Amino acid sequence: MQTTSTSSSRDSSGRMERLRLSEAFLPTSCTAAVFSGETHHLELNQIPLPMLGAGEILVKVTACTLCGSDLHSVEGRRKVPVPTILGHEIVGQIAAIGGDITPADLANAPLHVGDLVTWAVVANCGKCFYCERDLPQKCLHSVKYGHEAFRPGKELLGGLAEYCLLVPGTAIIKLPPHLPTSVACPASCATSTIAAVLEAAQPLKGRSICILGAGMLGLTACAMSRSLGATHVICVDPQPFRRELALKFGATHTSDSMQLGETLRSAGLLHGVDAVAELSGNNSAFESVWPLVRLGGTIVLAGSVFPSPAIGMALEQLVRRQITMRGVHNYGPRHLRTAIEFLASEHQNYPFESLVKQWFPLEQISEAMTAGKEPSAIRIGITMTQE
């Protein structure tokens, strides 16, 4: 699929007036790992760079970490429109800006060529039914990075490529210069999602929260819960090494689901926990914990993003115990800003940088996908070949 490439030799057409280029020469195409739906297979292709329209930004990708959903897509466990460029945990430098207006980031700071940025996984229109109801991640006209099928001029919408096109309506934020790439990459997925989850679980100051799962989401939730003043942070995971890791991220107690009741009693939580953040997507884990929520407590569900068997719940218990239950899927722009502010102030207090187990160049994307399947790999990263 062809698009018009960007080059400094085309100003005779007048179209170059729509584009501000960096001083460095932009190539006419870039390398991208394209997923066409064949299980366990990504193909490195050359994709032409697009001509930018007003409000569009071209970013030179610095790095992209592999989310579990990327692995599930390649393994055939998750349906995604194809052909596509996967990857949505992205950090990059602005290479070109379309139009003649200087855009601004979420903090109202002007954006310029050369700025190091990340951006929300979903671009939204700001005007549709759901945008007007504070659900921009469910925008009726959304563009979801790392999840879009190719369209003419809109192929480069994922992180597993040397360049990524940002469309109008994308919430962008500059990155603090001291924030390591391995810490910044997951911010636009896991960290921002947890910001939305814990917003729904508030208040946490002086209270208790039980976190199901000690993957990237759960570990981030442990650290952010402590930063919000939670007194008891109980992390539940079946794997001992992940429970040990949770303690390094601020968990005050850890448990497997079978011992959770005893763990809560030993922590002095005789009335149950104030809040639960379900981040594992495991039905049995949820079934073991929801009866342990205190009267008037809150349950926030974010891990169950794939179809699963139905579970039985006594609605009478939800009513009599006045439990609030809330689902959270993705996040809004304000949560991305919260995520970056949290990481900027707290990342040195927790070993976030160590969660990216290994980095691979884009040319070794197949090896990276294989490495990402290892249980000990919270994240695997992809770096782009520098020109």
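Tyr130 comes out as partly exposed, because its relative accessibility is 31%, which falls between the 20% and 50% cut-offs. The model behind this value is a predicted one. Along the chain, Tyr130 sits in the loop that runs between strand E7 (122-123) and strand E8 (143-144). On the surface, Tyr130 teams up with Phe129, Leu135 and Leu140 in a nonpolar patch. Taken together, the four residues of that patch show about 360 Å² of accessible area.

Leu160 is a different story. Its place is in the loop between E8 and strand E9 (163-166). With a relative accessibility of 0%, Leu160 counts as buried, because the label applies to anything under 20%. As for spacing, Leu160 and Asn124 are 36 residues apart along the chain, and 22 Å separates their C-alpha atoms.

Asn124 also turns up in the lining of an internal cavity. The search for cavities of 30 Å³ or more gives a count of just 1. The largest cavity holds about 40 Å³ of space. Its lining takes in Ala120, Val122 and Asn124, then Pro136 and Gln137, and finally Tyr331, Gly332 and Pro333. Sorted by character, the lining of this cavity has 5 nonpolar and 3 polar residues, with no charged ones. Gly332 is part of that lining and goes into the polar group, because Gly is counted as polar in this scheme.

Notes. Residues are numbered from 1 along each chain as its sequence is written. This is a predicted model: local features need pLDDT of at least 70, side-chain atom pairs count only at pLDDT 80 or more; totals for chains, interfaces and linings use all residues. Side-chain values use heavy atoms; hydrogens and water are left out. On a 1 Å grid over the protein atoms alone, a cavity is a set of points where a 1.4 Å probe fits but cannot get out, and a pocket is an open set with protein on both sides within 12 Å along at least five of seven lines; lining residues have an atom within 4 Å of a point. Grid points are joined across faces, edges and corners, and a volume is the space filled by probe spheres set on the points. Patches are made of residues with over 30% relative accessible area and no salt bridge: like charges are joined within 9 Å, nonpolar side chains (Val, Leu, Ile, Met, Phe, Trp, Tyr) within 5 Å. Accessible areas come from the Shrake-Rupley method with a 1.4 Å probe; for residues, only the protein chains shown count as cover. A salt bridge is a side-chain nitrogen of Lys or Arg within 4 Å of a carboxyl oxygen of Asp or Glu. Helices (H or I, at least four residues) and strands (E, at least two) are DSSP runs, numbered from the N terminus. Buried means under 20% relative accessible area, exposed over 50%, partly exposed in between (1.4 Å probe, protein chains only).
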